[in-house]
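Biologist: Could you walk me through this one while I have it open? I'd like to begin with burial and then wander a bit.

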Amino acid sequence: MTRTEAPYLAWIDLETTGVDAHQDPILEIGLIVTESLAPFSPLTKRQIVVRPEGDSWTHRFSPKVLEMRLTNGLLADVFAEGCPIGEADEELAAILSDIGKPHDFVLAGSGVAHFDRRFIDAQLPRLSKMLRYYTVDVGILRRSLAAINLSSVVEAAEPVGNFGATKAHRGLDDIEGHLGEMRFYAERLAIAAVPSLPLEP
Ligand SMILES: [Mg+2]
């Protein structure tokens, strides 16, 4: 089987009102399903804007995040076309079910291991059931490369990865950046790969 032992990666990017998975509602979900190995050929993509219940959520933004949500058009889209979170959950689980079985999908993206996973488990239970317990997280790879003195590789990835100040903070745009960054590392680090040495001569 493959490195990830599952046939597909489910690249997910969530936009929320804040960082508390139980208090901050999800506003947007981007999904791109790809093959599990580089170059990560895409199978399907979807972006869903969510309208949280009530209006207390509108007070949860920090000033900086509120400005970002107003500038990139997400808040306008939430009011214009947002659907209930339960509908979004059902649709995303159905998209994955058309492609594979529960646990055929590894959650992938940037920061998904510590951020998006918590929100998915708390607010998207049907989608959560389709995912394996582990993740493929390019944010962890980025920081790990820097930690082993390969920050020059990370800096070279920034224009394609778009993980700096120019990040869109919209679901699908962010995922395209995460995919671009992962593909860049796959190509750049391939030259360092050597066949395994035998244990005995
Ligand atoms: Mg994002």
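Biologist: Is Glu15 buried or exposed?

Modeller: Glu15 counts as buried because its relative accessibility is 3%, where buried means under 20% relative accessible area, exposed over 50% and partly exposed in between, with a 1.4 Å probe and protein chains only. Asp174 also counts as buried, because its relative accessibility is 3%. Bear in mind that this is a predicted model, in which local features need pLDDT of at least 70 and side-chain atom pairs count only at pLDDT 80 or more, while totals for chains, interfaces and linings use all residues. Residues are numbered from 1 along each chain as its sequence is written, and side-chain values use heavy atoms, with hydrogens and water left out.

Biologist: Which protein donors does the magnesium ion have?

Modeller: They are Asp13 (OD), Asp13 (OD), Glu15 (OE) and Asp174 (OD), at 2.0 to 2.8 Å from the ion; donors are N, O and S atoms within 2.8 Å of the metal (3.2 Å for Na, K and Ca), and since water is not among the atoms, sites may look incomplete. Glu15 is in strand E1 (residues 8–16) and Asp174 in helix H8, so this pair ties together parts that are 159 residues apart in sequence. Helices (H or I, at least four residues) and strands (E, at least two) are DSSP runs, numbered from the N terminus.

Biologist: And what is the spacing of the donors along the chain?

Modeller: The spacing reads D-x1-E-x158-D.

Biologist: Switching to the sheet, what order do its strands have?

Modeller: It is an open sheet of five strands in the order E3-E2-E1-E4-E5, with mixed pairing, where two strands pair if DSSP finds at least two bridges between them. E3 (42–49) and E5 (131–137) are the edge strands, each pairing on one side only. E2 (residues 26–35) and E3 run antiparallel and are joined by seven bridges.

Biologist: Which residue is the bridge partner of Gly30 in E3?

Modeller: That partner is Gln47.

Biologist: Last topic, which residues of H7 are buried?

Modeller: In H7 (residues 151–161) the buried residues are Val153, Val154, Ala157 and Gly161. Seen down the helix axis, they fall within an arc of 90°, so they line one face of H7; the arc is that of the directions from the helix axis to the C-beta atoms. Ser152, Glu155 and Pro159 are exposed on the other side.

Biologist: What do those buried residues pack against?

Modeller: They pack against helix H6 (138–147) and helix H8 (171–190), with contact meaning heavy atoms within 4.5 Å. After H7 comes Asn162, whose phi is positive, near 55°.
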